[in-house]
Amino acid sequence: MTRAAPYAGALVAGLALSFAFPEPDASFLAWIALVPLLAAGSRRRLRTGFALGFVFGLGFFGALLTWIANVGYAAWVMLVLLQAVFTGLFGLAWAASSRLDNTAVRVLSPAAAWIAMEMLRGSVPFGGLTWGELAQSQHDYGWMLRPAAFTGRWGVSFLCVTCSALLLEAWRHKDRARPFALCSAGAVAVIAAPLLLPANHAAGETARVAIVQGNVPEHWDENIREKELRILQSHVDLTEELAVVDLDLVVWPESSVSFDPRREPFAADAIRTAARAVGVPMVVGGNEDIDRDRYRVVAWQVSAKGDITDTYVKTHLVPFGEYVPGRRYLGWLPLLAQVPRDAVPSSEGKVFPVGGGEVAPVLSYEGDFGSLVRARVDQGGRAVIVATNTSTWARSWASVQHLAMSQVRAAENGVWVIHAAISGISAFVAPDGTVVQETPLWTATAITQDIAFAEEPTFYARTGDWFAYACALATILLLAAGARRPIVRDDAGPPSSVA
């Protein structure tokens with residue numbers, strides 16, 4: 001039992017951290033949930049630190065990503081195991097850096113290591129996964145998102161982990177009044193400090209935008225083509241109802257048009273009918289066929305007359321969702337029958353001049369990657385459209401978690417985010433990350449909102465991921481320095497014999 005206790009604590013702590021995210025939204029848990037892992041992993045052997053971090057990841061990602069099981073439990077298990085490797089690497093880095101006998105290092109090194117871990121797993125393998133970045137847990141704590149305008153989401157995550165590290169130091173000094181008080185006060189100060197930063201706002205030209213959420217039949221037994229026809233017609237009908245509203249732009253979500261209008265004249269006619277009804281430009285999510293086995297996921301810029309004037313092709317595809325890496329070797333897996341053909345990505349982003357300003361379209365999964373969206377804003381986008389389709393995930397936590405990412409994107413770049421989801425949740429997100437208006441799940445509806453284009457991008461949008469790279473460099477140096485130090489356990493955890 002003594003040997004198992006640290007691992008049980010790490011597992012429970014990981015599970016607790018998952019509840020900081022939507023939909024439980026106990027966001028404050030992100031400030032404290034790492035304390036048990038830091039205590040158990042302090043001054044351990046590297047392999048023990050890795051094992052504790054891995055077990056923590058099993059609890060964290062196992063709960064956070066349960067919705068992946070909608071496409072198969074095997075996919076959920078494999079993804080959770082993969083992501084737990086990254087938290088294992090965090091545990092390894094902390095086991096080394098915690099050996100350095102310096103309070104500042106013990107407080108700041110776990111935060112730097114966590115950022116390095118988030119950056120790494122957001123990049124590899126297959127382009128990475130960003131679900132579960134700590135900043136997302138703070139989506140409804142507006143003041144906590146303010147550092148994102150300067151450091152990106154990394155700064156928000158850094159503060160959360162630093163708070164846990166300070167609380168651990170307070171506990172280590174619980175019998176010494178002055179250090180205990182200083183560390184406890186430091187934890188409070190770290191969480192309150194973002195209040196000193198200004199909130200984002202956009203003060204450029206205004207536009208009235210409509211999101212059309214055509215919805216997807218939640219239960220459907222007929223053939224796929226009939227389902228897609230109904231989805232398209234729902235978007236046309238809802239758009240025609242907006243004809244009485246004074247608008248500047250209409251947005252249809254990803255997958256609202258599953259038929260290639262270049263090859264299916266009725267699809268082109270449907271888009272044209274909708275655009276002419278409202279008499280304003282539209283941005284429409286759809287697909288374009290390349291051949292029988294390949295296609296493109298796109299957003300079309302549509303003129304007020306209904307003509308497609310430009311096309312953005314998705315650049316960052318969903319592995320095992322929109323394409324199968326190494327299909328020739330993995331095609332025998334039954335699960336991959338759900339991905340019968342591969343999407344082909346583009347290599348460049350685009351900005352559409354519509355609605356009186358320039359909007360940067362990103363498609364679904366792309367909105368999860370802050371560095372990608374930042375580049376589109378730096379390219380000239382002064383509002384962002386996240387057109388998405390989360391209908392596969394039914395009524396799980398996925399839709400609200402995806403919206404939380406759009407809130408972080410807004411705070412990072414200081415722009416309005418138009419989050420258009422085909423089955424919900426669709427929303428308008430203000431530049432400070434506040435959700436101003438949203439729709440329910442599984443409802444055919446349309447919402448409108450006056451937005452303002454940003455005049456200037458934020459410091460982060462202009463400069464990029466400098467903070468994350470600094471944290472990664474610091475982590476490498478501290479890992480190298482700490483790994484050479486002997487293991488000396490103290491009252492921050494069980495004795496070395498347990499390791």
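Me: Let me start with a definition: a crossing of two helices is right-handed if the near helix is turned clockwise from the far one by less than a right angle, and left-handed if anticlockwise. In which kind of crossing does α5 pass α6?

Reply: Good place to begin! This is a predicted model, so everything we say describes a prediction. In it, α5 passes α6 in a right-handed crossing, so the near helix is turned clockwise from the far one.

Me: Why are α5 and α6 called roughly antiparallel to each other?

Reply: Take the value and hold it against the cut-off. Helix α5 (residues 73-97) and helix α6 (residues 103-121) pack at an angle of about 155°. Angles over 145 degrees count as roughly antiparallel, so α5 and α6 earn that description. Their axes are 9 Å apart.

Me: Which residues of α5 meet α6?

Reply: On the α5 side they include Phe-86, Leu-89, Phe-90 and Trp-94, and among their partners in α6 are Val-105, Ala-113, Trp-114 and Met-117. By class, the residues of this contact of α5 with α6 divide into 11 nonpolar, four polar and two charged.

Me: What makes α8 oblique to α16?

Reply: The same kind of test works here. Helix α8 (residues 153-172) packs against helix α16 (residues 466-483) at an angle of about 45°, with the axes 8 Å apart. Roughly parallel needs an angle under 35 degrees, and roughly perpendicular runs from 65 to 115. The angle of about 45° fits neither range, so α8 is oblique to α16. Trp-154, Gly-155 and Phe-158 of α8 make the contact with Phe-467, Ala-468 and Cys-471 of α16. That contact of α8 with α16 has five nonpolar, one polar and no charged residues. Gly counts as polar in this scheme.

Me: Now the strands. Which are the edge strands of the open sheet, and what makes them edges?

Reply: The open sheet has six strands in the order β7-β8-β9-β10-β11-β12, with mixed pairing. β7 (352-354) and β12 (435-438) are the edge strands, as each pairs on one side only. From one strand to the next, the twist averages 25°.

Me: How do you know that β7 and β8 pair?

Reply: At least two bridges are needed for two strands to count as paired. β7 and strand β8 (residues 357-363) have three bridges, so they pass, and they run in the antiparallel sense. One example is Val-354, whose bridge partner in β8 is Gly-357.

Me: What about β11 and β12, at the other end of the order?

Reply: They pass too: three bridges join β11 to β12, and the two strands run antiparallel. Ala-427 has Glu-438 as its bridge partner in β12. β11 and β12 form a hairpin with five residues between them, and Gly-433 in the turn has a positive phi of about 95°.

Me: Which helix lies across β9, β10, β11 and β12?

Reply: That is helix α14 (residues 398-413), which runs at about 165° to β10. Helix α13 (residues 370-378) packs on the sheet as well, touching β8 and β9.

Me: Why does Gln-407 count as buried?

Reply: Buried means under 20% relative accessible area. Gln-407 is at 2%, so it counts as buried. Gln-407 is found in α14, and the residues it touches include His-139, Asp-140, Gly-433 and Val-435.

Me: And how do you know that Val-386 is buried?

Reply: By the same cut-off: Val-386 has 1% relative accessibility, so it counts as buried. Val-386 lies in strand β9. Its contacts include Val-362, His-402, Ser-406 and Val-417.

Me: What makes β3 largely enclosed by the rest of the structure?

Reply: Here the reasoning is a count. Seven of the 10 residues of strand β3 (residues 282-291) are buried, so β3 is largely enclosed.

Me: With which strand does β3 form a hairpin?

Reply: With β4: the two form a hairpin with two residues between them. Nine bridges join β3 to strand β4 (residues 294-302), and they run antiparallel. Within that pairing, Val-284 stands opposite Trp-300. β3 also pairs with strand β2 (residues 249-251), in the parallel sense over two bridges, and there Val-251 has Val-283 as its bridge partner. Two bridges are just enough, because at least two are required.

Technical notes
Residues are numbered from 1 along each chain as its sequence is written. This is a predicted model: local features need pLDDT of at least 70, side-chain atom pairs count only at pLDDT 80 or more; totals for chains, interfaces and linings use all residues. Side-chain values use heavy atoms; hydrogens and water are left out. Helices (H or I, at least four residues) and strands (E, at least two) are DSSP runs, numbered from the N terminus. Axes are lines fitted to C-alpha atoms, for helices over the stretch in contact, and angles run from 0 to 180 degrees between N-to-C directions. Contact means heavy atoms within 4.5 Å. Buried means under 20% relative accessible area, exposed over 50%, partly exposed in between (1.4 Å probe, protein chains only). Lists of a residue's contacts leave out its neighbours within four places in sequence.
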